Each structure stands twice: as structure tokens, then as C-alpha cells.
Amino acid sequence: MPDAMPTEAAAAPGAAALIDHAAGIEAQDVHAWFDRHHVLHGASLAIAARQVTAIIGPSGCGKSTFLRCLNRMHELVPGARSRGRILLDGQDIYAPGVDPVLIRRRIGMVFQKPNPFPTMSVYDNAVAGLRLAGERDRRVLDETAERSLRAAALWDEVKDRLGRPGTSLSGGQQQRLCIARALAVSPEVLLMDEPASSLDPAATLRIEELARELAQHITIVIVTHNMQQAARVSDVTAFILNGEMIEVGTTDQIFTRPQDRRTEDYITGRFG
Amino acid sequence: MPHSYLRRRWTNRLMAGVTFLCAVAVLAPLFLILFFLARTGLGALDLDFFTRLPGAAGEPGGGMANAIAGTLVLVGLAALLGVPVGVLGGTFLAEYPNSRLAGGVRLMADVMNGTPSIVMGLFAYTILVLPLRHFSALAGGVALGIMLIPTVMRTTEEIVRLVPQSIREASLALGIPQWRTLVRVVLPTAAGGIVTGIMVGLARIAGETAPLLFTALGNRFWNWDPLQPIGALPLQIFAYAISPFEDWHRQAWAGALVLVTIVLGINIAARAAAARQVKLR
């Protein structure tokens, strides 16, 4: 698989110091099941490179499942399966012979609840992806730790306690540590599954700012049940209802001039 | 109603008193044993006891150095067999809980847990002593090791299961293969609990006598050859306790004291390991 051309980001102070990528994702007619339960009914969505795409919808509508199909995490749940094509940078990640492990290295993920590795320090968490993939060079690890912690806007808060357990940080810091951990393997796309739903408003705002900053370098997809959050953070918004992709448009258009009646009902708070 | 309130209060006090007495009743035998062992055993406990071989029959003096070392060797051999099989088996049960094999293994482990220890000895006798035509430390270690497997396996299974799915997913989403996630993330997260299970299992088998009777057999001399009979504290205690010599009786008490101290020490170490387990709930 040819890599997207990685280029070093300009080291502007405060800017996310990442390897830049320009890979988009296109989901075509994606179906997903948990055992016999059909949760996604042919959802399609083109996700543009270096933008924030928000996926909104009421609880249980299949938005998280859709997200987990994008990096082949869905299939890890016993009894779960899916169908359809998902093109990363033009290549189908579900094609026969594609190693899901390599796909997950290119498409990172941040979860609803912060989940740093409980046995690892802040530093070890940040470089876990590299180290578990076999990287031993101390210099590479040190550089990656600092680079990804800076990219996750956490470096200044933790640089003096890199040896402390990752779980000793506050909830918001833990979530940014998880973002740093995902960024450390320089993914082309970062999927965020309701990343702020367990955080207080201040920490939520930091995560949102971070998502905006990161979108200058990589592609961001964020699932949220919080419509204000989608409006604040995203360029494009997709609305899923009962496993179907109801409407996709620029965030501005979705929230001001929704085309579909159901989208309008949802964003005006008539249900959900 | 003040009347019913009074009655409730007295009932409460009465019941609290009963539970307290029951708690004391649980602890009392342990402390009585420790007290009794210390009173009778401490007298015979001297440097010779830890450094010298048993004396000739009927002669005062001598020690149990070979038996103490033998017990440690036997427990070590048992650990060599029981720990890897138990930990890996328990990991399998936790990771593939619904496979048909897991159901069978779980049932077998529970049956093994309830199997009388002398049967374990008979088993080792049949598969090792008879073919090799020799009582041996190896046979004793195998008998104890088989007894260790179910304990270690079930505690490993339980603690590995407690590792949250979110931790596994975090690793898998980083593009870490499943086996490496298991070895580098899941097992380390469960390590404290697994070590505790191992120690509790070791403490349990350290004092076993029956499985050693016709496997390790016992030995009045030093032995470092796994294919030769070896001494063990419980065997030595038994032999001395049924002997007609006053001095040996005292030494048997001392041996029992040392054995209980070893078991107690392992248990305390297990508590320390448990305290280091990261919180999973």
C-alpha cells in the first residue's frame, strides 16, 4: 500500500507538530450487524481530507458503529459483521488481504471514556503505540513523546511528571493523553467517538479546540450527540437516524437550512 | 413508636454481638494454633535446626535443614509446572470464555480442585514413580504442580476478565495485534492479581503431605537430584511425630512452626502483591 506523502509540519510555536497527511475516507453503502440486529442500513459518506466531519444523531442511531466500521474496530465485537466499501485514500480497507492491524495504525481512534493504560506512566502511554510496535530507540521515543504530547496540547501540563501514572491525570488531561497516544503513530485520520461526553465544559472546549487544530494536519471525524459541539467544531456534518445517513452538508447548511424534515426536527430538538 | 424503636435497637445490638462473636470464633483457632506451635516449637528451634541434618535415631540434636530445602525445591518444581500451565490456561478461559473447550476445562479445573490430594499423589506415582522405578523429587513436584494448576488458572481467569474492554480496544485501535495486546497490555494490567493467585496457591501446596508420601518419599540426607527421593517438612514432621523419641517430638513441633511461618510469609507476600494490582473495578 503506498503511503500518503508524509511531510514534516512547520514548527510554528504552539502549532500541532505532527506529520501531515491528506487522506480522505469514503464510505459506500455500509451495512453493519450485531448478530441479527441490523444497525446500519447502507450508510454512505465522503469524508474530506483535513477537515472536521461531525456525525450527529440520537442515541442508538448507529453513529458509533459507523465510526467503528471506518477503522475496522466494529468486527472485534463478537457476533459483529459489516458489508460495504470503505475507501481510505482510494483503497478499500475491507478488500481481501488487507490487514486490519495496519489499517488501525493509519486510522487512529479516541474513545468516549478516557482509557489510558493503567500500568503505564504518562510517557509510556504517549509512546505505547510505537513501543508495542517494536520501536526501541530511546531518542525516537523521547522525540515522539514530546511531539505527540505537544500536538495534544498537553506537554506543558505534564512535562514535569512524565513518570507519573497516566491515570493520575485529570479526566480532561487523560483524554488529551489518549489523543497524544493516538497521534504518536502519526495516523492519517483520527476518529473521535464522543470524546468529550465524560468531561466538564472547560475540558470539553479544549478538546474541541484541539480537534480544530489537528484538522490542519490530518483528517478528523467526530461523533457527538451534542449538536452545539458539532456546530462549533466541524466543517461538515452528517446526520444519522435509525441506521440511515439522512443528510450530509456543510455544518452551516445543516444547522441553518436543513433539507430533510427529520434533520430539522432533530436539530431543533423535537426529538432525540 | 418508641416501644418498637427500643426493641429494634436491642435486636440490633444483640445481632451485632453475635456476628462479632462469630468473627472471633473464626480467628480463635488460628491464634490458638500459632500460640501452641510457638510455645512448644520455639524451644527446639535453634541454629542447628536450620543448618544440620537429622541426627541418628534416638540421639538428641540434629536439625531439619534438608527438609526445609526439600520443601522449597518441591514448591519450586511445582511452580515450574503449575504456574505456566495455570496462567496460560486461565488466560485462554478469559479470552475465549464461550468456546466449548473452555467449558470443559473449567469443569475439569473445578473437579481437580476438589480431588483429594492423596489421589494426586497416586497419579504422580503411576505416571512417574512406576516407570522410573524410583521415588523422586520430580514426582513430588509434579503431584504438587498438578494441585497448583486449578487455583492459578481460576484466579488468572477471573482477574484477566476484569481488565476492561476499553483498555484492550485502546491497544487494538493503535494497530497493536491481538496477541501483543494480550501479552503487553492485558496481562501486565492483571499482573498483581495473577501473582496473588500464584502465591496463595503456593502457600496451599507448601504444607501438603499426602501427595508426597509415595512420590518424594522423604530423605534424611541432602539431595539436589530431581530423580532421587527428597526430604520435605511435612514428611519429616510426620515421621518425627510418630517416632517414640521425646527430642524428635519437640523437633516436629519446631518443624510445624517453621512450615506455618513459611505459609504465613507467602500469604503476606500475596497481600502485598494484591495491593500493587491496579484497580480494575
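Let's begin inside chain B of this predicted model, where the centres of domain 1 and domain 2, taken over C-alpha atoms, are separated by 32 Å. If you would like to find these two parts in the sequence, the domain assignment of chain B places domain 1 at residues 2–44 and domain 2 at residues 47–276. The two domains of chain B do touch: eight residues from domain 1 and eight residues from domain 2 take part in the contact. On the side of domain 1 of chain B that faces this contact with domain 2, you will find five nonpolar residues, three polar ones and no charged ones.

Now let's move on to the place where the two chains meet. Here, 22 residues of chain A are in contact with 16 residues of chain B. Which elements of chain A each supply at least two residues of the side that touches chain B? They are helix H2 (100–106), strand S8 (107–110), helix H4 (128–132) and helix H7 (171–183) of chain A. H2(A) gives the most to this side of chain A, with four residues. As for the character of the residues on the side of chain A that touches chain B, 13 are nonpolar, five are polar and four are charged.

Finally, a word on the confidence scores that come with the prediction. For chain B, the average pLDDT is 91, and 99% of the residues score at least 70. The model has an ipTM of 0.89 and a pTM of 0.84.

Technical notes. Residues numbered from 1 in each chain as written. Chains lettered and ligands numbered in written order. Predicted model: local features only at pLDDT ≥ 70, side-chain atom pairs only at ≥ 80, totals over all residues. Contact = placed C-beta atoms within 7 Å. Nonpolar A, V, L, I, M, F, W, Y, C, P; charged D, E, K, R; others polar. Domains from an automatic or database assignment. pLDDT = per-residue confidence, 0-100.
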